[in-house]
Amino acid sequence: MIKSSTFTQYKRYVGWKWLILILSIAFLPLLFCCAISLGVVRIPIKQIILILLGIQTEGTNVSIIIQSRLPQNIIAILAGAGLSITGTSMQAVLRNPLSSPFTLGISSAAAFGAACVVVGGGSQIAMIDHLIINKGFPYGTIALGALISCLITTGFIILLAGKKHIKTETIILMGVALNAFFGAGIMFLQYIAEEQQLAAMVYWTFGDTQRGTWPMIYCLAIFVPFASIWFCLQGWNYNALSLGEETARSLGVSVRKVRNLTMLFASLLTSILVASLGIIGFVGLVIPHLCRLLVGSDYRYLLPLSFFMGAELLLASDMVARLILAPRLLPVSILTAVIGAPVFMLMLLKRSGSSC
């Protein structure tokens with residue numbers, strides 16, 4: 001009887017996790033249709049279906065959907081999913097709930113790299129930028145500068161994570177220092193920049209899905225699913241790591257290999273996303289904690305749920321940002337910061353209260 005009762009409780013426990021995951025998957029297409037429908041011009045769902053199926057091919061609404069809302073919403077899904085599952089994976093290997101691409105300084109590194117290209121670029125940079133974009137590549141020289149800066153910072157973080165004597169708390173504090181360093185560099189560049197250069201820097205640092213293009217979507221549609229599948233396949237290893245490094249080693253987990261590969265894939269994916277859209281903060285920090293409230297800390301369920309809930313959060317935020325000041329379009333990074341900053345402060349207060 002005891003065994004039967006325990007098995008029944010376990011089935012309910014697992015069943016609840018699967019129910020939450022299935023509901024999150026089912027909710028995404030519904031939210032996607034709403035996001036395409038709502039805006040300055042509201043388009044009926046029936047007409048959206050006709051346009052997406054290729055039955056209706058002419059009219060103003062066709063141009064609005066195909067050229068604007070469809071790529072913007074697909075970019076929001078890919079970026080939200082990528083940032084959230086990246087944050088979840090970083091928290092798993094560093095065993096720190098405050099880990100995310102934003103808090104580790106990777107996003108600030110991208111902004112600094114982009115600012116360097118804006119200030120240091122001249123007519124030659126403009127010619128190269130024009131040539132790159134005309135060749136069909138989704139990124140220009142500003143995004144390339146952001147990507148290179150991200151990769152350098154990524155290498156530094158991976159070297160830190162691979163050291164045996166470096167604690168995870170030290171890596172988080174190093175991220176705070178990197179944020180301060182790159183922030184100072186950006187302020188210096190803004191101080192010496194000309195008016196047009198300053199406007200370009202400010203525009204780029206506003207993370208927004210409106211700058212998404214179809215070539216960029218094709219690029220992200222390869223990197224985001226590939227990295228996400230790899231993260232999900234590491235669920236058992238992450239569960240073992242949550243018990244401690246010694247326990248994980250005793251269970252056959254190569255701790256250093258898993259940590260280094262996770263940080264490499266997470267940082268590369270973040271670099272590509274930030275170089276594509278600018279800085280969109282707090283998604284990779286907030287979503288993992290919301291998902292833990294629903295399904296617990298089992299990474300076999302936490303990682304896929306983070307993927308879908310991250311996509312839904314950024315998609316919903318982008319939809320609200322499009323409506324809140326209509327007909328003006330608010331950058332989605334402002335809305336995610338408004339949501340994420342209070343949650344981040346509550347997390348800090350909770351951690352400090354539990355440690356007392």
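Analyst: Buried means under 20% relative accessible area, exposed over 50%, and partly exposed in between (1.4 Å probe, protein chains only). The model is predicted, so local features need pLDDT of at least 70 and side-chain atom pairs pLDDT 80 or more, while totals for chains, interfaces and linings use all residues. Residues are numbered from 1 along each chain as its sequence is written, and side-chain values use heavy atoms, with hydrogens and water left out.

User: How many helices and strands are there in the protein?
Analyst: Helices (H or I, at least four residues) and strands (E, at least two) are DSSP runs, numbered from the N terminus. By this count the protein has 15 helices and zero strands.

User: What percentage of the residues of the protein count as buried?
Analyst: The protein has 356 residues. Of these, the share that counts as buried is 50%.

User: In which helix is confidence lowest, and in which is it highest?
Analyst: pLDDT is the predictor's confidence in each residue, from 0 to 100. The protein averages 81, and 90% of the residues score at least 70. Over residues 130-138, pLDDT stays under 50. By mean confidence, the lowest value, 49, belongs to helix α5 (residues 123-134), and the highest, 91, to helix α14 (residues 299-324).

User: How far apart are the end C-alpha atoms of helix α4?
Analyst: The expected span of a helix is 1.5 Å times one less than its number of residues. Helix α4 covers residues 106-120, which is 15 residues, so a span of 21 Å is expected. The model agrees with this, as the end C-alpha atoms are apart by 21 Å.

User: Which residues of α4 are buried?
Analyst: Twelve of the 15 residues of α4 are buried, so this helix is largely enclosed by the rest of the structure. The buried residues are Ile106, Ser107, Ser108, Ala109, Ala110, Ala111, Gly113, Ala114, Ala115, Val117, Val118 and Val119.

User: Which residues of helix α13 are buried?
Analyst: Helix α13 (residues 283-295) reaches 18 Å from its first C-alpha to its last, close to the 18 Å expected for its 13 residues. Ten of these residues are buried, so α13 is largely enclosed by the rest of the structure. Cys291 is one of them, because its relative accessibility is 0%. The full set is Val283, Gly284, Leu285, Val286, Ile287, Pro288, His289, Cys291, Arg292 and Val295.

User: Which residue takes a positive phi just after α13?
Analyst: The phi angle in question is about 80°. The residue that takes it is Gly296.

User: Which helix gives the most to the largest nonpolar core?
Analyst: A nonpolar core is a set of buried Ala, Val, Leu, Ile, Met, Phe, Trp, Tyr and Cys residues joined through side-chain atoms within 4.5 Å. The largest has 87 residues, and those with the most contacts inside it are Leu104, Leu220, Phe231, Tyr238, Met263 and Leu315. With 16 residues, the helix that gives the most to this core is α3 (residues 60-94).

User: How many residues does the other core, with Ala115 and Val119, have?
Analyst: This core lies apart from the largest one, and Leu189 and Ala193 are also among its residues. Both Ala115 and Val119 are buried residues of α4. The number of residues in this core is six.

User: Which residues does Leu315 touch?
Analyst: Contact means heavy atoms within 4.5 Å. Residues up to four places away in sequence are not counted here. Leu315 then touches Leu28, Leu31, Phe32, Ala35, Asn73, Ala76 and Ile77.

User: Is Asp318 buried or exposed?
Analyst: Asp318 is found in helix α14. Not counting residues up to four places away in sequence, Asp318 touches Gln72, Asn73, Ala76, Asp208, Thr209 and Val332. Its relative accessibility is 2%, so Asp318 counts as buried.

User: How many aromatic pairs does the structure hold?
Analyst: Rings of Phe, Tyr and Trp (its six-membered ring) pair if their centres lie within 6.5 Å; planes under 30 degrees apart count as stacked, over 60 as edge-to-face and the rest as tilted. The number of pairs in the structure is ten.

User: What is the arrangement of the rings of Phe102 and Phe282?
Analyst: Phe102 is in the loop between α3 and α4, and Phe282, 180 residues apart from it, is in the loop between α12 (255-277) and α13. Phe102 counts as partly exposed at 29% relative accessibility, whereas Phe282 counts as buried at 14%. The ring centres are 4.9 Å apart and the planes are at 40°, so the pair is tilted.

User: What is the arrangement of the rings of Phe226 and Phe265?
Analyst: Phe226 lies in helix α9 (residues 214-233) and Phe265 in helix α12, so the pair ties together parts that are 39 residues apart in sequence. Phe226 counts as exposed, because its relative accessibility is 52%. The ring centres are 6.1 Å apart and the planes are at 70°, so the pair is edge-to-face.
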